[in-house]
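Hi,

Here is the model I said I'd pass along. Have a look at it first, and my notes are underneath.

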Amino acid sequence: MKARIHVTLKNGVLDPQGKAIEHTLGSLGFDGVNEARQGKFIELDIQETDEAKARETVTAMCEKLLANTVIENYSIDLEQ
Amino acid sequence: MSEITPEIVAEHGINEEEYALVLEIMGREPNLLELGIFSVMWSEHCSYKSSKKWLKTLPTEGPQVIMGPGENAGVIDIGDGNAAIFKMESHNHPSFIEPYQGAATGVGGILRDVFTMGARPIANVNALRFGEPDHPKTRHLVSGVVAGVGGYGNCVGVPTVAGEVEFDPSYNGNILVNAMTVGLAKADRIFTAQASGVGNPVVYVGSKTGRDGIHGATMASAEFDDASDEKRPTVQVGDPFTEKLLIEACLELMQTDAIVAIQDMGAAGLTSSSFEMASSGDMGVELDLDQVPQREEGMTPYEMMLSESQERMLIILKPGKEDLARSIMEKWDLDFAVIGKLTDSKRMVLKFHGDVVGDLPIKPLAHHSPEYDRPWVPTPDSKDVLASDISEAADTTDALKTLMSSPNMSSRRWVWEQYDHMVMGDTIQRPGGDAGVVRVHGTNRALAVTSDCTPRYCKANPVRGGAQAVAETYRNITAVGATPLAITDNMNFGNPERPEIMGQFVGCIEGMRDACLALDYPVVSGNVSLYNETNGKGILPTPVIGGVGLIKDSDKTATVAFGSENESLVLIGDSIGHVGMSIYLDVIEGRREGNAPIVDLAAERKNGEFVRSQIEAGFVESCHDLSDGGLAAAVADMVIASNMGAEVIKPADVETPTTAWLFGEDQGRYLISIGDAESLLEAAEEAGVSAVVVGRTGGNDLTLPGGSTISVAELRECNEAWMPNYMAG
Amino acid sequence: MKAAVIVFPGSNCDRDIQVALRQSMGSEPQMVWHKDADFDDVDLICLPGGFSYGDYLRCGAMSAKSPVMKEVVARANKGVPVLGICNGFQILTECGLVPGALMRNSNLKFVCRDVHLKVERNDTVFTKQYQAGQNIRIPVAHHDGNYFVDADGLKALEDNGQVAFRYSAEDGSVSDASNPNGSLNNIAGVYNSKGNVLGMMPHPERLCEDVLGGTDGRPMFDSLVAALS
């Protein structure tokens with residue numbers, strides 16, 4: 001099963017890289033971008049086939065290593 | 001195997017004449033793998049086929065030289081049983097295509113050249129040249145290259161202590177990224193690539209092999225055209241973390257007696273490393289390509305042999321040392337594989353899935369590569385511009401302000417603050433002075449390192465320009481109190497198949513040779529980068545010189561910062577006010593005209609030895625060499641560095657017009673600040689060195705003859721603002 | 001005093017801190033490889049700067065999970081002083097020994113230069129030989145030193161006196177202009193609540209000798225030696 005994890009900065013945490021992206025898009029003439037937030041995308045190929053168990057394991061991975069919950073949120077998508 | 005058509009041969013950058021030689025060496029038609037191997041081994045980058053004839057004329061010997069050109073890097077004796085190992089290498093084309101990774105892997109490659117010989121890298125230097133600031137690509141390239149140099153060097157933990165950044169329209173389509181590493185080793189523990197011992201295992205360590213950079217060595221020898229952006233996928237990606245592990249693991253392995261020979265996999269990867277090792281030991285090699293650690297599935301022998309994946313080394317071990325070596329590599333989480341053995345066949349035999357897929361003779365391929373005597377024409381003399389040909393500046397201080405805030409004279413702080421220049425805890429002089437100075441760890445000795453070249457001089461007069469580049473490093477090293485020992489060179493030129501470009505190369509080599517001989521300052525390593533042209537327009541001839549000098553007592557050095565108020569400023573060396581090709585003429589009058597300044601090598605040496613003796617004796621408070629912008633720019637640098645003002649006074653008996661006196665770029669000169677000028681002048685007279693008091697330190701302002709007064713703060717602001725403002729634009 | 005310096009793969013200031021400790025201690029600190037969780041009892045544990053695990057994923061994230069850090073956390077909780085510098089500070093935040101997180105510098109660039117620091121308090125084992133309020137000059141060299149903690153956390157830090165150093169100007173004033181990386185409240189270093197763990201971005205070990213340009217880092221190591229010997 002594939003687990004796709006998005007890690008993003010929490011709302012309220014300043015994202016200097018997102019700000020730079022927003023600024024550069026503006027200078028390239030792409031108007032109408034209200035905000036840009038930069039995050040990470042991590043794809044795991046895992047052996048577990050039971051979705052509930054997989055979610056539990058991947059959540060633990062996020063809590064322990066993949067995200068720093070002081071500043072980051074994460075979301076998990078699973079695909080058989 | 002596929003049939004080798006003339007098109008396939010041409011795609012490999014091999015011309016008809018060369019292919020005839022391939023057929024003669026092989027005694028049959030090569031297969032694609034073998035052709036690929038010929039192609040990279042005979043590329044300009046690996047074979048030096050256009051430049052060899054001339055490089056051989058450079059002086060490479062001296063009592064301080066332990067190993068000269070021909071090894072991975074040059075080795076010099078620095079006393080106490082220690083050796084300095086150094087080299088400079090270009091990564092120009094890859095950096096233009098992908099600036100971050102190109103520059104990063106350039107740094108990684110030169111680090112490997114140095115630690116493969118047993119040295120711990122202790123200093124990085126880089127010489128960067130970009131197109132004009134207004135060119136649409138320049139800002140992006142500067143940003144990426146600087147981040148790449150820093151990203152790699154900072155992570156491996158080697159301080160970047162010196163370098164240059166220059167802008168010129170001739171680099172619009174061909175930037176130059178020349179990286180230099182200096183390492184420290186025990187003089188009796190130098191490792192080479194010379195293989196020996198039939199049956200000894202050939203071992204692969206480091207990162208896995210992927211498809212990156214295939215044909216990078218060939219790309220580095222091809223001209224660009226507008227389609228070059230499409231070559232992006234062949235640029236390799238660096239992993240400085242693995243490099244750091246590789247440094248530690250190799251140095252740990254070198255502490256044992258397991259290694260016969262070691263060679264990094266640089267340009268042309270496994271091919272050039274295995275050929276160079278076998279060839280220098282006159283051995284044969286048999287490689288089983290199935291054993292090569294692979295990052296991707298289904299890699300062909302062609303891809304494995306030509307891959308330029310980074311952070312890999314090839315080692316010949318003594319028999320029975322495999323387990324010891326494996327345990328050290330595994331400690332550092334690095335791949336380790338025995339991929340073959342040495343034979344006495346003097347041939348390279350490549351096996352894959354049990355079949356022999358390539359079989360080539362080693363010596364003819366490595367040593368009988370084509371060598372060209374390219375036709376060349378000398379560069380015609382330029383009509384000089386005399387001091388009397390320029391009008392006096394209305395206000396010399398205004399002119400200085402304009403100069404100091406111009407792209408090529410403005411402060412590079414924005415650049416070097418992105419490089420960790422203090423890691424390893426031995427940086428005595430940080431960037432921004434004449435040379436970076438790093439202590440020899442655990443001793444009171446130190447090494448001074450610098451890189452220099454004035455391409456506009458080389459264009460106007462290659463012979464003088466070549467000599468000047470060498471002399472300027474000599475002067476920068478002297479100005480911190482060090483004795484210049486040896487140089488590395490990075491020859492960046494256009495298309496050598498054009499006689500006028502070849503003439504620039506030949507002229508620069510002649511000037512470099514003269515200077516090296518006169519200054520007892522041999523070349524111990526180097527690199528050539530040709531075909532730096534886009535759509536037929538070549539770069540300025542740019543022979544970058546990296547110099548290394550020795551300080552015996554690190555308490556006796558000089559910096560560019562004044563000691564205190566009321567010191568005398570003493571100008572060492574003759575000033576005739578040479579304004580031809582000066583930065584003043586270029587920036588203030590918009591004329592890039594005239595001849596390069598004469599480099600009087602006897603005076604260069606005499607003045608240098610005098611200045612060094614005064615610094616070593618502890619008399620000198622501060623010292624700065626005079627180069628771009630002459631006396632006025634040197635005083636300005638010193639004022640900014642010391643946060644203290646100065647007054648420049650033109651002696652009454654000087655007949656040179658004031659503007660030329662202040663901004664002329666006569667060579668062989670230094671500006672010194674000293675408490676007791678009388679003794680210095682006496683000593684200078686005794687030594688037959690020209691010395692004259694030209695002002696004093698003190699106050700919060702700088703005053704020039706023929707000029708208004710400027711505060712130190714304003715001068716600093718105008719010098720430091722350009723680069724960050726430009727990059728923010 | 002006995003000290004240990006933990007060496008992670010990718011640490012690159014381990015030798016620098018070894019030299020600084022040796023200078024103040026007059027003896028050799030123990031260099032501990034990160035796989036060796038079973039190291040001697042020591043009076044001080046140092047986590048050096050560098051790019052452990054290449055700063056991949058997040059700075060300090062992987063090192064914080066290495067076997068040796070479990071032991072370091074256990075000993076810190078028993079009161080053993082722990083000093084984390086630069087990457088060491090990042091590791092300390094990642095394993096929760098000190099609060100907050102270190103994010104990419106606000107200008108997105110690596111910065112290497114001397115900064116000034118205001119010493120907030122001098123009643124800890126790390127700072128006794130400084131004066132409270134003293135302004136010192138120490139270099140920074142980092143890409144991710146932008147200190148962040150949520151509003152409650154920040155209030156707690158300030159209320160408990162857990163801020164160790166603030167980025168200041170040469171004249172000692174603390175303002176946005178003297179902030180090199182965007183850190184909240186110009187925070188350059190923080191203590192844990194008990195004051196036996198200090199994480200800081202600046203590198204005191206880099207300025208302990210006149211020939212290197214200054215000695216403002218040395219009192220930290222002298223303080224530790226005086227307090228722990």
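B:Gly664 sits in the loop that runs between helix 23 (658-663) and strand 25 (670-674) of chain B. Bear in mind that this is a predicted model. B:Gly664 counts as buried because 27 other C-beta atoms lie within 10 Å, and the cut-off for that is 20 or more. Setting aside neighbours within four places in sequence, B:Gly664 is in contact with B:Ala387, B:Gly630 and a set of residues that includes B:Ser575, B:Gly577, B:His578, B:Val579 and B:Ser582. B:Phe38, on the other hand, is 626 residues from B:Gly664 in sequence and 50 Å from it in space, C-alpha to C-alpha.

Now for the chains. Of the 2 pairs that touch, B and C have the most contacts. There, 23 residues of chain B meet 23 residues of chain C. On the chain B side, helix 8 (138-156), helix 10 (240-254) and strand 14 (427-429) each supply at least two residues, and helix 10 gives the most, with 4 residues. That side of chain B divides into 10 nonpolar, 8 polar and 5 charged residues.

Chain A touches chain C too: 8 residues of chain A are in contact with 12 residues of chain C. Helix 1 (residues 16-27) of chain A provides the largest share of chain A's side, 3 residues. By class, that side has 6 nonpolar and 2 polar residues, with no charged ones.

And chains A and B? No contact joins them, and their closest C-alpha atoms are 10 Å apart.

Cheers

Notes: Residues numbered from 1 in each chain as written. Chains lettered and ligands numbered in written order. Predicted model: local features only at pLDDT ≥ 70, side-chain atom pairs only at ≥ 80, totals over all residues. Contact = placed C-beta atoms within 7 Å. Nonpolar A, V, L, I, M, F, W, Y, C, P; charged D, E, K, R; others polar. Buried ≥ 20, exposed ≤ 12 C-beta atoms within 10 Å, placed from the backbone.
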